[in-house]
Amino acid sequence: MHVTVDQDRCCSSGQCVLTLPAVFDQSEEDGLVLLLQDRPDPALLPGLQTAAALCPGGAITVHAAPVEGSRA
Ligand code: SF4
């Protein structure tokens, strides 16, 4: 699982920072989203999904990935 943000779609609302400050921050210059970590702990997935759903610009995408070693 990893996360990407599209600064071209970000409208600097700050909602993501309020939802998950461990992963998202905002630029002090223009307020655009900054991604602090692109492969956060899977335990943060619910918060990431909430942040993505609440983002007014649709700028946050959570990418699911297969679990490594799942066939071992
Ligand atoms: S919630 Fe979306 S629009 Fe608001 S700062 Fe975060 S990425 Fe940007």
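In the predicted model, the chain exposes about 4800 Å², of which carbon and sulfur atoms supply 50%. Of its 72 residues, 28% count as buried. Along the principal axes, the C-alpha atoms occupy a box of roughly 45 × 20 × 15 Å.

The secondary structure of the chain consists of two helices and four strands. Read from the N terminus, these elements follow the order β-α-β-β-α-β. Among the contacts in the chain with a separation of 6 or more, 57% are accounted for by residues 24 or more positions apart.

The ligand is located in the largest cavity. Its surroundings include a run of residues comprising Cys10, Cys11, Ser12, Ser13, Gly14, Gln15 and Cys16. Val33, Cys55, Pro56, Ala59 and Ile60 also belong to the residues around the ligand. By residue class, this shell divides into eight nonpolar and four polar residues, and no charged residue is present in it.

Ser12, one of the residues around the ligand, lies in the loop that joins strand 1 (2-5) to helix 1 (15-19). The backbone of Ser12 has a phi near 60°, a positive value in a residue other than glycine. With a relative accessible area of 28%, Ser12 is classed as partly exposed, because this class covers values between the limit of 20% for buried residues and that of 50% for exposed ones.

Conventions:
Residues numbered from 1 in each chain as written. Predicted model: local features only at pLDDT ≥ 70, side-chain atom pairs only at ≥ 80, totals over all residues. Heavy atoms only, no water. Near = heavy atom within 4 Å. 1 Å grid on protein atoms, 1.4 Å probe; cavity = no way out; pocket = protein on both sides within 12 Å on 5 of 7 lines; lining within 4 Å. Sits in = over half its atoms within 2 Å of the grid points. Nonpolar A, V, L, I, M, F, W, Y, C, P; charged D, E, K, R; others polar. Buried < 20%, exposed > 50% of the residue type's maximum accessible area, 1.4 Å probe, protein only. Contact = heavy atoms within 4.5 Å. Areas by Shrake-Rupley, 256 points an atom, 1.4 Å probe, with all protein chains shown as cover.
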